[in-house]
Amino acid sequence: MTRISIELIPRDKDSLTLDMNNIKEYFSVADTINIPDLMRFPLRSWEAFDITYPLYPNTIPHIRAIDIDPNAPLPGYNQSNLKEILVIQGDPPADLHKVTYPNTTEMILRRYQKELPHLTLYAAFDPHRRSPKEELEHIQSKEAAGATGFFTQPIFDEKLLELCMDWLHDKNVFWGLSPVVGPKSKSYWEVTNRVIFPHHFEPTLEANIAFAKRALQLIKQTNSNTYLMPLRVKLEKYLPPLMDVFS
């Protein structure tokens, strides 16, 4: 496996620091942090980079295309240590007072490629919301705009993971895995992200750990990257069992 990232929520400096220390203790194989940009928290992803960088120099902030003011500098323009970013489209904010702009992912990728050409640019791959044909066409347009790698939405089915690996066999991909524990969490993924879970899916921590182990073995065999999104679970409960894959 080339790289292993953990997605951390940027609630505030103290929580980020605590999470990073827990990763160092419980999941030492992780070499990268990726940070979503969430409107409900005041700390933006590229600001969180300055907090995570001393412990994890390989930190990848997410940049929401619809938030980028065409007349303002790009996020990260004055951060000399920043090496990589993930550009996503971004969902419309729940707060209608938040200002957004009619940008596409491709428009922002092109701006970064032109204005900050030293950055490695990633974009998103989502196997859930659109047909495979539409999503793969979108992959091509993102590559044409400057993306050289992709982060997938979390995948919860080994068969779908294998299929997506076949589709993206020649791409630089971070394969996403996330625990789904409890019926509310499962419903969130089904409604918001249009995920169709396999009929045998169990929303328990034990079942999610078992699936993650199998998925990580497959990812490891193909020498691919992965990122883990440990939502609504304690890092010390979810991550240590997965170390068995790397021993």
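Arg232 counts as exposed because its relative accessibility is 70%, over the 50% cut-off. This residue of the predicted model sits in the loop between strand 8 (225-228) and helix 8 (235-238). Its backbone is worth a look too: phi of Arg232 is near 55 degrees, a positive value in a residue other than glycine.

Arg194 tells a similar kind of story. Here phi is positive as well, about 60 degrees, although Arg194 is not a glycine. You'll find Arg194 in the loop between helix 6 and helix 7 (205-221), and with a relative accessible area of 52% it is exposed.

**Charged pairs**

Side chains of opposite charge can pair when their charged atoms come close. How many salt bridges does a search of the whole structure find? The search turns up 14 salt bridges. One of them joins the side chains of Arg3 and Glu84, and this pair links distant parts of the chain, 81 residues apart. Arg3 is in the segment before strand 1 (4-7), while Glu84 belongs to strand 4 (residues 84-88). Are these two buried or exposed? Both Arg3 and Glu84 are buried.

Next up is the salt bridge between Arg44 and Asp67. This pair also links distant parts of the chain, with the two positions 23 residues apart: Arg44 is in the loop between strand 2 (32-35) and helix 2 (45-52), and Asp67 is in the loop between strand 3 (59-64) and strand 4. Asp67 has 17% relative accessibility, so it counts as buried. There's a bit more going on around this pair, since Asp37, Arg44, Arg64 and Asp67 are linked in a network of salt bridges.

Then there's Glu143 with Lys171, whose side chains meet in a salt bridge. Glu143 lies in helix 4 (residues 132-145) and Lys171 in the loop between helix 5 (158-167) and strand 7 (173-177), so the pair ties together parts that are 28 residues apart in sequence. Glu143 counts as partly exposed because its relative accessibility is 30%. Lys171, at 25%, counts as partly exposed too.

Here are those pairs side by side.

| Salt bridge | N to O distance |
|---|---|
| Arg3 and Glu84 | 2.7 Å |
| Arg44 and Asp67 | 3.4 Å |
| Glu143 and Lys171 | 3.0 Å |

Now for an acid without such a partner. Asp19 is in helix 1 (residues 13-26). Why does Asp19, though buried, have no salt bridge? The nearest side chain of opposite charge, Arg11, is 4.7 Å away, and a salt bridge needs the atoms within 4 Å, so the pair does not qualify. Not counting residues up to four places away in sequence, Asp19 touches Leu8 and Leu235.

**Covered parts**

Helix 2 is mostly covered, with six of its eight residues buried. Which ones are the buried residues of helix 2? They are Ser45, Trp46, Ala48, Phe49, Ile51 and Thr52. These buried residues pack against helix 1, strand 2 and strand 3.

Over in strand 4 there's Leu86. Leu86 counts as buried because its relative accessibility is 3%. Leaving aside neighbours within four places in sequence, Leu86 is in contact with Ile60, Pro61, His62 and Ile63, with Tyr122, Ala123 and Ala124, and with Phe151. As for Ala30, it is 56 residues from Leu86 in sequence, and the two C-alpha atoms are 18 Å apart in space.

**The largest pocket**

Rolling a probe the size of a water molecule over the atoms shows where empty space is left. The largest pocket holds about 1,500 Å³ of space. Its lining is made of 48 residues, and Leu38, Ile88, Asp91, Gln153 and Tyr188 lie nearest the centre. Which kinds of residue make up the lining of the largest pocket? The lining divides into 23 nonpolar, nine polar and 16 charged residues.

Several elements contribute to this lining. Strand 3, strand 4, strand 5 (120-125) and strand 6 (149-152) each supply at least two residues, and so do helix 4 and helix 6 (183-192). Some of these elements came up earlier: strand 4 holds Leu86, and helix 4 holds Glu143 of the salt bridge with Lys171.

Key
Residues numbered from 1 in each chain as written. Predicted model: local features only at pLDDT ≥ 70, side-chain atom pairs only at ≥ 80, totals over all residues. Heavy atoms only, no water. Helix = DSSP H or I, 4+ residues; strand = E, 2+ residues; numbered from the N terminus. Buried < 20%, exposed > 50% of the residue type's maximum accessible area, 1.4 Å probe, protein only. Lys, Arg positive; Asp, Glu negative; His and termini not counted. Contact = heavy atoms within 4.5 Å. 1 Å grid on protein atoms, 1.4 Å probe; cavity = no way out; pocket = protein on both sides within 12 Å on 5 of 7 lines; lining within 4 Å. Points joined across faces, edges and corners; volume = space filled by probe spheres on them. Nonpolar A, V, L, I, M, F, W, Y, C, P; charged D, E, K, R; others polar.
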